[in-house]
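Here's a quick walk through one protein model, going from its overall build down to a few local details. Have the structure open as you read.

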Amino acid sequence: MAQQQMYSAIANSPGTELSAAITAAVTTIPVVTGSVLPEGPNIITIGVDETSETVLYTSKSGNSLIGCTRGFGGTTAKGWAVASRVARYYTAYDHEAFRKNLTDLSGVTSESTTDVILAVGQQILNATKNARLQGLKVQGRTLIDLLGGAGSGESLTGWTQNGNQPVALSTTQKRSGNSSFKPANDGTKSSHIYRDFTSPLDPTKQYVLVGWVYVESYTSGNQEVSLRDVGTFTSKYTVQFGSSIPVGSWQPFFIKIPTNNTLVGSGFRLLIGAISTQVNTMYFDELRLCAVSAADYAAIGTTITGEAIDRLLPYVPPGINGVDGLYVRRYGRNLLPDKPDTLHANARVNGPYDVTLVATLPNQSSIFNIPALPGATYTLSGEFTASSGAATMNVYSIDASGAQTYVTEMNQTATKRTFTTPATSVALRLNIFGTGVGTLTFKNWQLELGNAATQFQPREDSLIAFGGVELHANPTDGSEPDILREVNGRYEVTRLWRELIADGTLPWEYHGTATGYKVVKLPKFAATFAGDNRLIGFVTKYNGISLVNTPSSVNVFAAGADTYRQLTSDANFYLNIASSDSGWGDSYTPSADEIKAYFNGWKMYDGSAADVNTTRNTPYTTGQKFWRNQDNTVWGYTTIPSASAPGWQPYQLLYRLASVSTETVQEDGSLSLLEGDNFIEVGSGYVSRERVTPSTDTGNWYINNDPSLYSPGGDSRLKNKAREILNVFKDSRVGAWIIEKAATAGYGNSRANQPPAMYDSSASYSVSYIKLDKSPIPGVTGFYAASEKAQLRDLTDGVTEALARVSVVEAKKAEKDVPAQITPTLLNGWETYSSSNAPYYYKDTLGFVHIRGMVKSGVNGSPILTLPPGYRPSATAGIESISVSNNGSGILIGNVEVDYKGRVTPYSGGTTWLSLDNIPPFLAVN
């Protein structure tokens with residue numbers, strides 16, 4: 001019987017009311033007078049009769065209840081009108097918690113657990129026992145930046161310079177990436193950029209634009225960010241930056257766009273910079289515009305302020321972003337790693353927690369960087385020696401803008417320091433150095449929570465993560481989320497949403513032509529539809545811009561470009577492509593392969609037109625067919641490209657499933673808690689065991705080396721920029737690689753290296769890491785065993801679960817020993833030649849894929865089948881082979897190719913029958 005959390009009461013149960021209406025999905029609840037309710041975590045009741053709802057909230061901020069669990073204690077979550085009664089009444093949950101805990105204390109049972117609620121980011125959790133964190137539950141969330149990444153500060157393409165002086169890209173100050181927007185400052189002229197976005201903002205929804213500004217210097221004048229009517233300079237929603245903005249640090253800002261917004265026209269114009277003379281220097285970065293729920297809209301700027309807005313609406317890449325790769329990490333009791341992140345050239349690592357510095361000058365520092373919490377108490381200790389001067393470790397607090405503030409220091413005579421971090425602290429920077437010249441040693445450094453130094457122990461983190469698992473919800477209000485939960489020792493996802501990468505592998509077909517655009521289609525999705533019979537779905541284009549969901553009253557041939565539609569009565573999903581994007585003239589009908597090429601990032605143009613050597617924008621009607629990529633950096637293809645264009649970001653589609661599906665997912669690791677304070681981090685972006693090929697500069701070997709930063713090191717970049725490499729695996733076991741956490745030549749912030757004597761060229765290598773790109777992060781709930789009996793039960797359950805998993809592994813091994821033959825779906829009119837020669841494929845125990853069987857009746861150049869991920873050859877080389885076939889008159893020799901997307905395509909030979917048996921086995925690496 002679980003010991004339940006009990007929540008404090010408040011005398012006479014004073015009440016308040018909702019200050020705004022809420023839906024059943026709202027997790028931030030606005031009230032009129034928050035001061036009459038107890039501090040969180042606690043529970044409240046909405047309503048006063050048998051229809052009331054109990055709500056658990058994690059904290060209280062002014063007049064908002066934060067982190068709410070709706071329908072708590074067996075009640076039902078539902079919508080409530082403004083002015084509904086809210087109070088801390090005695091509930092069924094209070095009674096049951098009291099009864100169960102009293103029974104537990106009486107000795108009837110002591111198998112108690114303690115519930116845990118973890119917020120986004122870093123926090124301290126005090127555990128009463130050493131125990132495993134169990135029963136994790138997470139809800140999905142989806143963010144779509146309606147600016148499509150245009151506010152990244154990385155490019156001026158698409159923006160119009162309109163002031164007397166141009167806006168530049170500057171690397172001097174940047175919030176993320178390589179640069180930010182910097183309006184000019186000569187004291188006499190204006191400097192601003194603007195851009196029109198033609199996707200209208202839904203008047204039934206509310207939106208928030210968020211960004212960051214850095215004021216380097218200020219004398220006079222203002223700069224601004226404003227939303228204006230599309231195609232005009234009529235300003236509607238503006239935030240200005242002047243003398244009130246702090247100088248020398250990044251500051252978040254926001255603009256709120258309410259329901260029934262006053263923007264005129266189909267879309268809006270975004271302006272950044274100074275529209276009049278000014279004497280100041282400012283930088284702008286990470287601008288994004290997102291739809292938000294009514295509750296979040298009300299809370300932003302009132303109870304959710306500053307950096308909390310950035311955590312609620314993080315800057316995400318263009319496209320559709322769900323909770324991708326959730327992880328929960330408990331840092332070791334010793335929060336410091338076994339070696340500095342940056343080592344001075346005169347310092348030497350002798351082993352874990354052991355550095356020698358031969359100082360030729362004072363203050364030659366090696367540096368540690370770790371995350372930290374504001375207002376937290378820490379104790380620092382270590383064992384240092386110095387031949388002269390002081391062997392010193394000092395501590396600086398880092399705020400969100402990167403500014404550092406000195407906190408404390410220790411040396412060989414003062415070997416312990418207890419300190420409290422400032423209210424603005426988000427990280428700590430610790431430096432080890434000498435105040436003089438000579439030999440210094442630094443050993444057994446330790447930083448721990450609390451005011452007491454304990455016996456030294458190395459850092460041992462604990463982590464549970466879900467690489468490759470993405471969780472979604474309705475992007476406009478967060479409703480109907482996917483749910484990840486633990487069930488009988490395994491994790492499963494209840495899915496309500498499906499994300500689709502809409503590239504050239506899908507069976508696109510031509511549907512029709514309208515002036516300025518083409519309509520293409522896919523087979524109808526098994527989706528849910530809204531009250532107006534429209535698909536509940538969201539589509540983003542290759543440039544990240546959201547497309548418009550066409551209402552049922554508008555025909556697809558009248559809807560215009562950059563729209564989509566699927567009604568309950570439709571037989572297909574329809575997508576409208578602008579001729580300016582595809583390069584197809586109005587009188588030209590594209591082939592199926594040309595449509596696929598478009599969705600792989602290629603634009604057709606007329607190779608005989610006058611702009612063939614410049615813009616290459618003349619749509620093809622007649623003349624010579626050429627293809628280029630959308631960025632116009634690769635061009636001149638005279639045959640239809642089959643591979644994806646360089647740098648291509650495909651269309652993305654998210655839609656609500658017609659029926660709920662449940663799938664089992666694989667977690668990495670298991671999270672254990674330490675008795676006492678635990679430093680916990682909840683984040684996203686975890687990638688599990690991605691295959692990588694190390695590169696070398698003929699000296700060291702590297703993983704995630706960026707050749708643009710260190711060309712001799714070669715190209716061993718991961719698929720994503722890495723914020724932190726966690727582990728490098730050699731043949732599936734942890735390898736002896738040095739992980740550089742502040743790498744100057746890494747693709748992102750992290751790189752790994754290994755000396756040549758340790759490198760094994762015959763081994764396969766993979767990496768688990770955390771991506772630099774952000775995605776939404778939700779809160780997490782769970783529990784841990786809080787008594788000896790519950791811990792014993794947990795241990796027994798853990799052994800049972802482990803044995804069950806071993807049996808699954810053994811069964812899978814048996815399946816590999818006798819590989820399963822998979823029957824593929826045949827495409828493009830290809831058919832099985834005969835039942836005795838039906839096509840199939842399988843993967844053997846060494847990971848090689850075999851394709852067998854005979855097909856007929858298709859067309860050369862059209863894929864016969866597509867192999868799924870995990871059965872495809874390398875992305876850098878396809879598999880080409882001889883084929884034996886028959887054209888009805890005799891045997892022919894042709895060729896068949898298996899490309900990196902798994903497409904098995906014949907390019908010559910007969911189609912009366914075609915044998916796949918000559919395709920050689922190939923290693924599945926993709």
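The radius of gyration used here is taken over C-alpha atoms, and the rule for a globule is 2.2 Å times the number of residues to the power 0.38. For 926 residues that rule puts a compact globule near 29 Å, and the protein comes in at 30 Å, which agrees. Keep in mind that this is a predicted model.

**The overall build**

Strands are everywhere: there are 67 of them, along with six helices. Along the principal axes, the C-alpha atoms fill a box of roughly 90 × 70 × 65 Å. Of the 926 residues, 49% count as buried. Take the contacts between residues at least 6 apart in sequence, and 73% of them join residues at least 24 apart.

On the outside, the accessible surface comes to about 39100 Å², with 52% of it belonging to carbon and sulfur atoms. As for charge, there are 73 positive and 80 negative side chains, and the centres of these two sets lie 1 Å apart.

**One sheet up close**

Let's pick out an open sheet of five strands, which runs in the order E37-E38-E42-E41-E40 with mixed pairing. Its edges are strand E37 (509–514) and strand E40 (548–549); each has a single partner strand, so one side of each is left without a neighbour in the sheet. In general, strands of a sheet pair through backbone hydrogen bonds, either parallel or antiparallel. E37 and strand E38 (residues 517–523) go for the antiparallel sense, over five bridges. To see one of these pairings in detail, look at Thr513, whose bridge partner in E38 is Lys518.

**A helix tucked inside**

How many of the eight residues of helix H5 (residues 592–599) are buried? Six are, so the helix is largely enclosed by the rest of the structure. The buried residues are Glu594, Ile595, Lys596, Ala597, Tyr598 and Phe599. Just after H5 comes Gly601, with a positive phi of about 105°.

Both Tyr598 and Gly601 turn up again in the surroundings of Gln630. Gln630 sits in the loop between strand E44 (625–629) and strand E45 (651–665). Is Gln630 buried or exposed? With a relative accessible area of 17%, it is buried, because the cut-off is under 20%. Leaving aside residues up to four places away in sequence, Gln630 touches Tyr542, Asp581, Tyr598, Gly601, Trp602, Lys603 and Trp648.

**Unusual backbone spots**

Most residues other than glycine have a negative phi, and most peptide bonds are trans. A few places here go the other way. Gly40 and Pro41 are joined by a cis peptide bond, with omega about 0°. Pro41 lies in the loop between strand E2 (29–30) and strand E3 (42–46).

Then there are two residues other than glycine that take a positive phi, Asn444 and Arg689. Here they are side by side:

| Residue | Phi | Strand | Relative accessible area |
|---|---|---|---|
| Asn444 | near 50° | E32 (residues 438–449) | 22%, partly exposed |
| Arg689 | near 50° | E49 (residues 686–692) | 39%, partly exposed |

Asn444 lies in a strand, E32, and Arg689 has its place in E49. Partly exposed means between 20% and 50% relative accessible area, so Asn444, at 22%, gets that label. Arg689, at 39%, counts as partly exposed too.

Key. Residues are numbered from 1 along each chain as its sequence is written. Side-chain values use heavy atoms; hydrogens and water are left out. Helices (H or I, at least four residues) and strands (E, at least two) are DSSP runs, numbered from the N terminus. Buried means under 20% relative accessible area, exposed over 50%, partly exposed in between (1.4 Å probe, protein chains only). Contact means heavy atoms within 4.5 Å. Accessible areas come from the Shrake-Rupley method with a 1.4 Å probe; for residues, only the protein chains shown count as cover. Lys and Arg count as positive and Asp and Glu as negative; His and the chain ends are not counted. The place of a charge is taken as NZ of Lys, CZ of Arg, CG of Asp or CD of Glu. Two strands pair if DSSP finds at least two bridges between them.
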